[in-house]
Number of protein chains: 4
Amino acid sequence: MQKRARVLIDCDDAKGLVYKISKVFYDRDLNIDNNREFVDKEHSRFFMRTIVTGLFDIDELKDELKKVVPKDAQIRVIEPKDKKIILMVTKESHALGDILVRYEAGELGAEIVSVIGNHEVLRPLVERFDIPFIYIPADGLSREEHEAKVMEEIDKHTFDYIVLAKYMRILNPTFVKAYAYKIINIHHSFLPAFIGANPYKQAYERGVKIIGATAHYVTNDLDEGPIIAQDVIPVTHRFSWRDMQNAGRDGEKIVLSRALSLVLNDRVFVNGNKTVIF
Amino acid sequence: MQKRARVLIDCDDAKGLVYKISKVFYDRDLNIDNNREFVDKEHSRFFMRTIVTGLFDIDELKDELKKVVPKDAQIRVIEPKDKKIILMVTKESHALGDILVRYEAGELGAEIVSVIGNHEVLRPLVERFDIPFIYIPADGLSREEHEAKVMEEIDKHTFDYIVLAKYMRILNPTFVKAYAYKIINIHHSFLPAFIGANPYKQAYERGVKIIGATAHYVTNDLDEGPIIAQDVIPVTHRFSWRDMQNAGRDGEKIVLSRALSLVLNDRVFVNGNKTVIF
Amino acid sequence: MQKRARVLIDCDDAKGLVYKISKVFYDRDLNIDNNREFVDKEHSRFFMRTIVTGLFDIDELKDELKKVVPKDAQIRVIEPKDKKIILMVTKESHALGDILVRYEAGELGAEIVSVIGNHEVLRPLVERFDIPFIYIPADGLSREEHEAKVMEEIDKHTFDYIVLAKYMRILNPTFVKAYAYKIINIHHSFLPAFIGANPYKQAYERGVKIIGATAHYVTNDLDEGPIIAQDVIPVTHRFSWRDMQNAGRDGEKIVLSRALSLVLNDRVFVNGNKTVIF
Amino acid sequence: MQKRARVLIDCDDAKGLVYKISKVFYDRDLNIDNNREFVDKEHSRFFMRTIVTGLFDIDELKDELKKVVPKDAQIRVIEPKDKKIILMVTKESHALGDILVRYEAGELGAEIVSVIGNHEVLRPLVERFDIPFIYIPADGLSREEHEAKVMEEIDKHTFDYIVLAKYMRILNPTFVKAYAYKIINIHHSFLPAFIGANPYKQAYERGVKIIGATAHYVTNDLDEGPIIAQDVIPVTHRFSWRDMQNAGRDGEKIVLSRALSLVLNDRVFVNGNKTVIF
């Protein structure tokens with residue numbers, strides 16, 4: 001049966017990879033709809049993403065590809081279909097709301113299986129969209145205890161990504177490790193400027209003329225994972241830090257939604273602490 | 001002898017082009033340093049730009065490539081070396097100056113063989129850089145007569161591109177045809193807004209909040225050729241049209257220099273009235 | 001009782017206006033929290049917006065101000081409170097959704113009294129927020145007949161602004177005149193480029209490298225009213241016009257919401273076919 | 001005699017300042033061409049910049065103004081005329097070249113009295129513009145010894161500002177103190193990200209998607225003075241740090257020239273570690 005798949009390969013660079021990989025597609029009479037490669041010369045690492053259409057079996061295709069690429073290669077053959085995501089939120093609605101409106105319009109490219117909040121204030125918004133809102137308060141709990149409860153809820157579901165849509169608590173290494181490269185965060189500054197708490201206040205106090213937002217994978221180090229997307233917004237001396245926060249929200253939600261779209265379309269490779277985006 | 005070349009191919013799309021072309025490189029033991037493709041699906045047109053290194057003869061390589069691509073293919077194999085450009089200017093120095101400073105720093109990637117002005121005011125600036133300035137006044141001449149003189153001067157030289165660095169006269173079809181796809185212009189608006197004379201005044205009168213600049217190939221239709229690069233600059237109600245003009249100059253020179261760099265590095269394909277840029 | 005008001009004055013320019021106006025505030029012991037002026041020298045027109053706090057009666061203050069400014073002056077003294085808006089929509093949810101989410105968060109600065117749609121597809125989204133959705137189909141009706149029905153619905157309400165959140169029908173002069181300078185539209189291009197139908201298709205066909213969005217007051221001429229806000233988004237040759245449309249939506253909704261915020265905070269003066277924004 | 005001056009006042013905020021100051025202008029029959037105020041509410045500090053024209057004596061006007069503003073007020077009445085600047089450079093020509101071309105075009109608004117280089121490589125470019133280039137090598141000297149020589153050269157001149165146009169040496173507190181708020185620097189990152197050496201390499205290693213440039217006053221702390229202007233440039237995973245450096249140069253020169261224009265037009269107030277820009 002006619003199929004369409006995204007083929008993602010990353011491996012040590014080697015001679016003739018484009019030729020060898022495209023030969024596999026050619027020999028099986030597959031159409032290439034789109035093809036992008038990149039070689040990170042510093043680390044001698046090859047990345048390739050191809051859209052193929054035709055008659056093929058995913059596992060067989062993977063096996064054929066395995067034969068022509070270096071041993072260390074990571075090969076993914078993915079049929080485009082909606083992925084499943086879990087959202088985590090605190091009190092602010094802008095990033096969450098942007099995702100919900102896209103979801104309602106059928107433009108998100110993902111099914112939202114659950115929204116977890118450490119506060120309850122966003123329950124009404126979420127429930128307006130007939131999506132379950134799970135309230136897991138942190139009051140009286142240690143961070144470990146709270147996260148254990150969150151993980152318990154998460155582990156009830158099959159999902160592809162956890163999206164921190166302005167989830168304002170720091171996550172422990174245990175949590176992050178459990179969902180390695182599956183957690184996407186929006187940080188409300190132009191990283192690596194203003195790491196940590198209240199970046200808008202920091203930006204206000206430093207007197208910057210531009211503020212920013214950064215969507216990134218979450219790794220053990222706070223605000224330090226591979227960056228997926230960034231954007232900036234101009235400000236002036238007339239902005240209080242609250243004004244910066246308000247102005248910054250538009251940047252935050254757009255950057256998060258853009259990063260999410262890239263990730264959900266399998267257009268992002270993680271390359272050490274960086275990303276390759278096709 | 002070890003060589004490095006840019007291979008640019010554009011042709012009707014066909015099955016297996018990436019495979020067949022990369023096979024040519026692979027069979028000759030050439031290294032691929034960089035490879036980008038694009039298929040314009042609307043027109044079923046294939047574009048590919050590859051940097052190859054290794055031992056090869058340019059004409060032989062072209063012949064081999066010809067055998068595997070559709071008949072209509074345009075194949076270029078170009079060794080990276082400084083191209084030659086002719087500049088045409090009127091009175092404003094910002095775009096010219098930006099190019100001259102890059103030239104002096106060895107960052108332009110081109111030799112400036114001549115600067116032609118229809119006014120003499122920029123002679124001192126050009127001569128400061130030990131570049132010949134040719135003054136061809138238009139006074140008392142018809143447009144045809146003036147252009148004939150300019151063409152006479154141009155035709156004394158071997159060159160790759162003519163750069164209109166704020167040359168403020170409209171060119172006749174005869175002139176444009178003579179140097180098809182060799183003329184790069186900077187238009188001081190965000191095309192297609194404000195085609196024609198004094199775009200800043202038009203922008204001021206329309207009350208826009210953003211102004212722009214557009215670098216494009218010159219074709220017969222005024223301000224209508226394929227766009228290479230664009231950029232914008234925010235303005236407010238406080239800007240007079242002169243203020244817009246001043247603010248816009250930075251955009252103009254940066255956009256022109258960026259477009260020039262793309263063209264000089266053979267990173268631009270013309271695709272009908274559009275460009276494909278790798 | 002301690003009050004806070006926005007004082008907006010525009011009038012022919014005259015000597016000493018800042019002095020005379022600030023004297024009125026000073027004599028009445030009012031605090032100035034914020035003050036901005038602008039003189040359009042081309043038209044010799046003065047604009048001033050001041051936030052005053054203190055003890056005053058609005059009508060008395062207006063009368064005092066009238067005495068010191070030219071006869072033609074338009075003086076508004078406005079107490080900050082939520083304005084009322086009517087939304088008009090067709091099928092796309094992004095601009096509407098952005099406004100609804102801000103509304104839910106209490107960040108809109110307006111009460112949404114009604115959403116009127118010429119299609120019914122957005123009813124569920126609107127009703128999720130407990131806002132009345134009025135479906136007024138145009139099928140089988142002349143434009144005049146349809147607009148008469150819309151006006152009938154509009155005229156049931158007290159309101160400050162009508163917001164066209166991607167309302168995809170052209171409005172007749174009768175309609176526009178009835179709500180002069182009360183209609184805010186988002187046009188999906190960087191005006192004045194790509195006036196009229198399907199600007200993304202036009203942009204795609206022109207091969208631009210940047211697309212835009214423009215929020216403006218609606219006047220009789222299509223896409224020709226005073227511009228309030230604009231923004232742009234970079235695109236490449238890889239974008240189909242559908243891709244441009246998708247990418248453009250983020251720009252559209254942000255620009256519309258930004259323009260709406262300016263208007264709702266009384267920060268916009270109309271100055272002929274332009275705006276002055278404080 | 002008819003005069004034109006920029007009046008800059010900053011002082012503790014107090015009631016009626018706009019009224020009292022505009023009264024001084026009104027009583028002396030001066031025209032106000034442009035007027036901007038700002039109150040930093042956090043520090044209760046008032047800033048005002050007015051362009052006045054008419055018949056007046058500068059010292060008298062200052063005395064009159066002194067009578068109506070708080071004791072701590074800093075009052076400047078400045079006649080617009082070209083200021084004098086000293087440039088300091090190392091090896092890169094882009095920022096220097098941009099300033100020279102503006103200077104040649106009469107658009108800089110400053111006389112360049114001297115260019116000091118710690119390397120000699122930029123001598124030819126500077127001398128092309130008939131401007132003295134003073135070579136002060138640092139070889140074999142301690143930083144203190146080298147700076148003493150530079151200060152000796154600087155102190156030969158009357159000047160308003162020292163512009164570090166990619167001067168790649170750190171300055172000692174003694175030097176900075178000697179020319180407090182007279183030194184303008186361009187830092188090749190989006191401060192406060194990537195403080196210190198080789199910000200492009202830092203940016204490359206962090207994998208950011210946007211790079212920036214920051215023009216600021218130099219104070220004792222490295223890269224820590226009040227920010228005047230910032231701008232950003234998008235980058236991708238395809239950029240090596242050298243590519244980032246090249247791309248960043250355009251941002252650097254534009255931001256420095258923009259900051260310089262603001263400073264030379266007396267449009268910048270220093271407000272603690274921030275700026276107020278009118």
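This briefing walks through how chain D meets chains A and C, and then looks at one pocket.

The model is predicted, so local features need pLDDT of at least 70, side-chain atom pairs count only at pLDDT 80 or more, and totals for chains, interfaces and linings use all residues. Residues are numbered from 1 along each chain as its sequence is written, chains are lettered from A and ligands numbered from 1 in the order in which they are written, and side-chain values use heavy atoms, with hydrogens and water left out.

**Chain D and chain A**

- A turn of 180 degrees with a shift of 0.0 Å along the axis lays chain D on chain A, at an RMSD of 0.0 Å; copies are superposed by least squares on the C-alpha atoms of residues with pLDDT of at least 70 in both.
- D:Ala193 is the residue of chain D that comes closest to this rotation axis, with its C-alpha at 2.2 Å.
- Both copies use the same surface, since 100% of the contact residues of chain D recur in chain A.
- Here 32 residues of chain D touch 32 residues of chain A, where contact means heavy atoms within 4.5 Å.
- The two chains bury about 2,700 Å² between them, 59% of it on carbon and sulfur atoms; buried area is the accessible area (1.4 Å probe) that two parts lose on being put together, summed over both.
- D:Arg206, D:Lys209 and D:His237 account for 26% of the area that chain D buries against chain A, more than any other three residues.
- The interface of chain D and chain A holds 2 salt bridges, each being a side-chain nitrogen of Lys or Arg within 4 Å of a carboxyl oxygen of Asp or Glu.
- D:Arg206 also forms a salt bridge with A:Glu224, at 3.7 Å from N to O.

**Chain D and chain C**

- Chain D superposes on chain C by a rotation of 180 degrees with 0.0 Å of shift along its axis, and the RMSD is 0.0 Å.
- That is how a two-fold axis relates its copies.
- In chain D, the C-alpha of D:Tyr19 is nearest this axis, 2.8 Å away.
- The same surface again serves both copies, as 100% of the contact residues of chain D recur in chain C.
- Contacts link 16 residues of chain D with 16 residues of chain C, and the pair buries about 1,600 Å², 51% of it on carbon and sulfur atoms.
- D:Tyr19 appears here too: with D:Lys15 and D:Tyr26 it loses the most area to chain C, together 39% of what that side buries.
- There are 4 salt bridges between chain D and chain C.
- C:Lys15 pairs with D:Asp29 at 3.1 Å, N to O, and C:Lys41 pairs with D:Asp33 at 3.4 Å, N to O.
- C:Lys41 sits in the loop between β2 (31–40) and β3 (45–55) of chain C, while D:Asp33 lies in strand β2 (residues 31–40) of chain D.

**Salt bridges overall**

- Over all chains, the count comes to 110 salt bridges.

**The second largest pocket**

- The lining of the second largest pocket has 35 residues, with D:Tyr167, D:Met168, D:Arg169, D:Ile170 and D:His188 nearest its centre.
- By type, the lining residues are 14 nonpolar, 12 polar and 9 charged (Ala, Val, Leu, Ile, Met, Phe, Trp, Tyr, Cys and Pro count as nonpolar, Asp, Glu, Lys and Arg as charged, and the others, Gly among them, as polar).
- A pocket is an open set of points on a 1 Å grid over the protein atoms alone where a 1.4 Å probe fits, with protein on both sides within 12 Å along at least five of seven lines, and lining residues have an atom within 4 Å of a point.

Key
Helices (H or I, at least four residues) and strands (E, at least two) are DSSP runs, numbered from the N terminus.
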